[in-house]
Amino acid sequence: MSAEPLLTVADLQKWFPVRKGLLIERTVDHVKAVDGVSFEIAEGQTLGLVGESGSGKSTTGYCVLQLLKPTGGSVRFMGQELTTMGHGDLRDMRKEMQIVFQDPYSALNPRMTVGNIVGEPMLVHGQGTRRAREARVRDLLETVGFNPDFTNRYPHEFSGGQRQRIGIARALALNPRLIVCDEPVSALDVSVQAQVINLLQDLQRDRGLAYLFIAHDLSVVEHVADRVAVMYLGHIVEYAHAADLYREPLMPYTQALLSAVPVPDPATGRQRIVLSGDVPSPAHPPSGCPFHPRCPHPRKDAACARIVPPLEEKEPGHWAACIKQTPTAIDWPEQQAAGATLTPERVIPLAALHTRRDAVTTPPSTT
């Protein structure tokens, strides 16, 4: 395995302009859907990206694949910068990174047969002869547990779980190294969800795939992710190994999300943390901590509305952005006026987490 991660995202931003005017449009504001997101994914690993609807999860995934052009930041994949890459080079790079969409009903062209849908990526990239592509399509459908004799049928003839298997087969057609899974099981029944999750895990084990697994259901992410990043209002507010985050979440927002996960045993009680209010508008985020208007923590005070808590390592390998455990947060109204900045010495870059964590947990190579 190379020293450099497969995917490195640094300070990613995606701002959507708000325009007004009839004859002459002008930009009057921006919706900050993603604002300063950083993470890494290594070969064969899964990063779970979780949060409420509107937190910027899907937008982050689309920016990683350059389906949406980022406003700022860096996206390095296989050692190459994607944000400055030309159209032709980016087209070639997309053979190595694919996506499984959230809605299996709208993600497939209703006018194309299953065989044409799965074989289209190979046709677009000019791979193989017609006969070779047809054989490859049958192999892919068998791999995802779909009957290859149904290649001449249309998507409307199949259930949601079967359609999602078709979407996964299409994503595998070019042998990618990274797949962005944009809530791939949220539209499926619980029993079908388990089948699709097991399929994704089997494919990862057999092919060494890396996943960016986007979901709002933390119970699903718990079974598939090596690391978990929690997003709120365009920011990552907690980041840790999955076991650490589920055992002891530090951010009050993460605690509230975990309290909403259903417990299958009715005899087991769980205190539900109910958040007040709605998610603030990304166009007009609150001052200070973006979560402070809804935070149920008893230690919340006026400082939360003034201090911007950076993402810091609270415990080994466990990062959170919360003022109650953040000694180096900057009081922006006073200190920013005096010229204070968030220097690298005061705020450790998120990407450093992997290096520091792996340096402790990974034994030295003997080869």
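# Two linings and a helix pair

Strand 6 (97–100) and helix 5 (160–172) each give at least two residues to the lining of the second largest cavity. Helices (DSSP H or I, at least four residues) and strands (E, at least two) are numbered from the N terminus. The model is predicted, so local features need pLDDT of at least 70 and side-chain atom pairs pLDDT 80 or more, while totals for chains, interfaces and linings use all residues. Residue numbers start from 1 along each chain as its sequence is written, and side-chain values rest on heavy atoms, without hydrogens or water.

The protein contains eleven helices and 14 strands. Of its 367 residues, 48% are buried, meaning under 20% relative accessible area, with exposed over 50% and partly exposed in between (1.4 Å probe, protein chains only). Among contacts (heavy atoms within 4.5 Å) between residues at least 6 apart in sequence, 63% join residues at least 24 apart.

**The cavity**

Three cavities of 30 Å³ or more are present in the structure. A cavity is a set of points on a 1 Å grid over the protein atoms alone where a 1.4 Å probe fits but cannot get out; a pocket is an open set with protein on both sides within 12 Å along at least five of seven lines, and lining residues have an atom within 4 Å of a point. Points are joined across faces, edges and corners, and volume is the space filled by probe spheres set on them.

The second largest cavity holds about 40 Å³ of space. Its lining consists of Ile99, Val100, Phe101, Pro104, Ala107, Leu108, Arg163, Gln164, Gly167 and Arg170. Helix 5 provides the largest share of this lining, four residues. By class, the lining has six nonpolar, two polar and two charged residues; Ala, Val, Leu, Ile, Met, Phe, Trp, Tyr, Cys and Pro count as nonpolar, Asp, Glu, Lys and Arg as charged, and the others, Gly among them, as polar.

**The pocket**

The second largest pocket has about 450 Å³ of space. Its lining has 16 residues, and Arg94, Gln98, Ile99, Pro121 and His125 lie nearest the centre. Helix 2 (87–93), strand 6, helix 3 and helix 5 each give two or more residues to this lining. The lining divides into nine nonpolar, three polar and four charged residues.

**Helix 3 and helix 4**

Helix 3 (residues 114–124) packs against helix 4 (residues 130–143) at an angle of about 115 degrees, with the axes 9 Å apart. Axes are lines fitted to C-alpha atoms, for helices over the stretch in contact, and angles run from 0 to 180 degrees between N-to-C directions. From helix 3 the contact involves Val114, Gly115, Val118, Gly119, Met122 and Leu123, and from helix 4 Arg133, Arg136, Val137, Leu140 and Leu141. Seven of these contact residues are nonpolar, two polar and two charged.

In helix 3 the buried residues are Val114, Gly115, Ile117, Val118, Gly119, Pro121 and Met122. Helix 4 and helix 5 are among what covers them.

**Positive phi**

Most residues other than glycine have a negative phi. Three residues with a positive value are listed below.

| Residue | Phi | Place |
|---|---|---|
| Asp11 | about 50 degrees | strand 1 (residues 7–20) |
| Gln66 | near 65 degrees | loop between helix 1 (57–64) and strand 4 (72–77) |
| Gly126 | near 65 degrees | following helix 3 |

Asp11 is partly exposed, at 44% relative accessibility. Gln66 is buried, at 7% relative accessibility.
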